[in-house]
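Here's a quick briefing to read with the structure open beside you. Take a look at the fold first, then work through the notes.

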Amino acid sequence: MKNSGFIARRYLFSRKHISLISTLTFISITGITIGTALLIVVLSVFNGFFDVIKNFLLSYDPDVRIEASGAATFAQNQEMMEQIKALPEVRVISPYVEGKALLALEGVQNEVVDVKGVERDLFFQLVDIEESITTGVFDISVRDRTPGIIVHEELKNRLRLNVGEDIALLSAAGMKNALTQITVPQTYRFDLRGAYFLQQVAGGPKVFVDIEAAKRLFRARNQITGIDIKLNSNEDAEKVKKELQAMLGDDFEISTWYDLQKPLYDVMYMEKWGSFVILILIVIVAVLNIIGSLTMIVIQKQRDIGILMSMGYSKAGIKSIFRKQGLYIGLIGCGIGGALGLLLSWLQMKFGLVKLSSAFIIDAYPVQVSPVDVTIILLASLLLCVLASWYPAHRASQVQPADAVRYE
């Protein structure tokens, strides 16, 4: 039993004869190496894309959002705001009013836009949008009795808007009153102060106004649509969500940054692990070679196995020899493949060797190596190699010593 590792290595890597067995062993190790390396690289690329998309979305999405459950708005409660601020994970809270409105311009086709009313100073702490200003300034304050408005650069260019231009907004509530009461629709005038550009990964661009102006536009009075929360670390989002749900009850719907874009994130996770299942087939093919090569060793070494058993080796000891052969193949393949995969990932991360189209938001394939993913890949590949040795080991343990020596 103590020498089973030595015997396993001798059977597997003996240089005395270059045979089909050694060729199959080499092919097995090569297959496991390639499969393991590809799995690490591909999953790291998926992690990189996930990280890129997440950062783009979090440049606008909050870490946690509070909205009314089953209602469009809820009353702004100062006591509730203080309770939220008291949580140690919370860094910034920013109430907002949001809705759709009709943007009307003389001589230009009217367009429905998403309007978001914010408190400027709090919003700047939540979203780093000031650096995204392309024209004018982010000024939504009231000047000469006219509040300011900020639009997306794409909307500005499409409608050929200019800073200082007068813009009229009409909310759905205003149109409803005009139709039901047969009155002239009440529009609210805004002064275009600037334009911003944020890469849109999901959802449409928004126009920003002061929260008080948005309350008047949507006739919300002291109501708000929701509260955006910035945490010290977005990794605490699920924990804070549970705390807020317990604190506020079922009247409010709490969403984390993941919940806000759940369909997109779910698709990315499905693609990642779908690729894992497909690529693990390369390892499985290599595992089949392991079964073949070890089975051939059992057939070729029947006399040696019989001698070992006659010398006192138990069936468990014989099984141990062939299981260790599968383990050694797995360790070599996973070791080389893991090192190769990490090296390729580092080279792509450092030098961006494989480029993307210039039309994309980044110029090279992003890479983010996850220690958890690497561990899962290496353990899965190693486990498959060990399992592959089960049948040959069982077959070897069934060899009858007398028959093996007699007919050899």
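What follows covers the chain as a whole, then one helix and one arginine.

Keep in mind that this is a predicted model. The chain has 408 residues, and 46% of them are buried. Its secondary structure adds up to 15 helices and 13 strands.

**The whole chain**
- Taking contacts with a separation of 6 or more, 79% of them are between residues 24 or more positions apart.
- The chain's accessible surface is about 21200 Å², and carbon and sulfur atoms account for 58% of that.

**Helix α11**
- Helix α11 runs over residues 302–310, and its buried residues are Ile305, Gly306, Leu308 and Met309.
- Those buried residues sit within an arc of 160° when you look down the axis of α11, so they line one face of the helix.
- As a general point, an α-helix has 3.6 residues a turn, so residues three or four places apart point the same way.
- Gly312, just after α11, has a positive phi of about 115°.

**Arg120 and its surroundings**
- Arg120 belongs to helix α4, which spans residues 120–126.
- Is Arg120 buried or exposed? Neither label fits: at a relative accessible area of 31%, Arg120 counts as partly exposed.
- If you skip its neighbours within four places in sequence, Arg120 contacts Glu130, Phe138 and Ile140.
- With Phe138, a polar atom of the Arg120 side chain lies 2.8 Å from the backbone oxygen of Phe138.
- Asp210 is 90 residues away from Arg120 along the chain, yet their C-alpha atoms are separated by 7.1 Å.

Conventions: Residues numbered from 1 in each chain as written. Predicted model: local features only at pLDDT ≥ 70, side-chain atom pairs only at ≥ 80, totals over all residues. Heavy atoms only, no water. Helix = DSSP H or I, 4+ residues; strand = E, 2+ residues; numbered from the N terminus. Buried < 20%, exposed > 50% of the residue type's maximum accessible area, 1.4 Å probe, protein only. Contact = heavy atoms within 4.5 Å. Areas by Shrake-Rupley, 256 points an atom, 1.4 Å probe, with all protein chains shown as cover. Arc of directions from axis to C-beta. Polar contact = N/O pair within 3.5 Å; in protein donor to acceptor, adjacent residues only side chain to side chain.
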